[in-house]
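I opened the notebook to record a few look-ups on helix packing and on single residues. The entries below follow the order in which I made them.

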Amino acid sequence: MPILDKYLVDYCAPTLAGLKTGSLVPFEMKEPDLAAEVRRLNKSFKDKGIRLIPIKRKDRKALLYLYRPARLKEDLLSAEAGRILREKGYPVEKPDVCVCTLVRHLAGDSEFPHEVGLFLGYPPSDVKCFMADSRKGVQCVGCWKAYGNASEAEKTFNLFRKCTAVYRKLMEEGKSLEQLTVKEHGLKMGVTASA
């Protein structure tokens, strides 16, 4: 089993399962091998509505972004997400260009672009609160810091943890990454923006 497949299950199971818009994966590999692996995976993801791209590289290290473009488009068009991103110079109506803009921010900004949470499916209200003051008003912490409805956030965190555990077990039993990747059917699955 290719090592990147295991990393994707460890870091991205909820995205692979269609429960989450996107996930980030830190990965270290030789550049030519990484490019070949990304091409291989995108070929297998082609009909599943999911995409993998390197969004930051330094030496042999890369930060990969696995996401569902249809879900991202829907997420970025929410009123609150749109306001946050427009203030940061993102063309919200063009999700692919937004991803390119995020890549530019990751490469050129002196501070980490915390709006990345919007690209991962985090609730815009939580992203906004984190950007304002990451320590003030935190209700609970899981995949992200939740500032609003703690019980809904905890349910989501538990769902994501359970999904990851199930996916790890299935991979250990011999399921391939392609078999574990749920096809996007055009319907919003999983967590709602209020979670």
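Before starting, I fixed one term: a polar contact is a pair of N or O atoms within 3.5 Å, where one must be able to donate a hydrogen and the other to accept it. I also note that the model is predicted.

**Entry 1: Thr15**

I looked up Thr15 and found its place in helix α1. Is Thr15 buried or exposed? Its relative accessibility is 0%, so Thr15 counts as buried; the cut-off for buried is under 20%.

I then checked the polar atoms of the side chain. One of them lies 3.4 Å from the backbone oxygen of Gly22. The side chain of Thr15 also makes a polar contact with the side chain of Ser23, at 2.6 Å.

For the wider surroundings I left aside neighbours within four places in sequence. Thr15 is then in contact with Lys20, Thr21, Gly22, Ser23, Ile50, Leu66, Tyr67 and Arg68.

**Entry 2: α1 against α8**

I stayed with the helix of Thr15 and looked up its packing on α8. Helix α1 covers residues 3-16 and helix α8 residues 150-172. I noted an angle of about 140 degrees, with the axes 8 Å apart. The two helices are therefore oblique to each other; angles have to be over 145 degrees to count as roughly antiparallel. The crossing of α1 past α8 is right-handed.

Which residues make the contact? From α1 I listed Asp5, Lys6, Val9, Asp10, Ala13, Pro14 and Leu16. From α8 I listed Phe160, Cys163, Thr164, Tyr167, Arg168 and Met171. Sorted by class, the contact of α1 with α8 holds eight nonpolar residues, one polar and four charged.

**Entry 3: α3 against α5**

Next I looked up helix α3 (residues 69-76) and helix α5 (residues 95-108). Their axes come within 9 Å and cross at roughly 85 degrees. That makes α3 roughly perpendicular to α5.

On the α3 side the contact is made by Leu72, Lys73 and Leu76, and on the α5 side by Pro95, Cys98 and Val99. I sorted the residues of this contact into five nonpolar, no polar and one charged.

**Entry 4: His105**

Last, I picked His105, which has its place in helix α5. With 15% relative accessibility, His105 counts as buried. Again leaving aside neighbours within four places in sequence, I found His105 in contact with Lys88, Tyr90, Pro113 and Glu115.

How values were computed: Residues numbered from 1 in each chain as written. Predicted model: local features only at pLDDT ≥ 70, side-chain atom pairs only at ≥ 80, totals over all residues. Heavy atoms only, no water. Axes fitted to C-alpha atoms, helices over the stretch in contact; angles between N-to-C directions. Helix = DSSP H or I, 4+ residues; strand = E, 2+ residues; numbered from the N terminus. Parallel < 35°, antiparallel > 145°, perpendicular 65-115°, else oblique. Left-handed = near helix turned anticlockwise from the far one by under 90°. Contact = heavy atoms within 4.5 Å. Nonpolar A, V, L, I, M, F, W, Y, C, P; charged D, E, K, R; others polar. Buried < 20%, exposed > 50% of the residue type's maximum accessible area, 1.4 Å probe, protein only.
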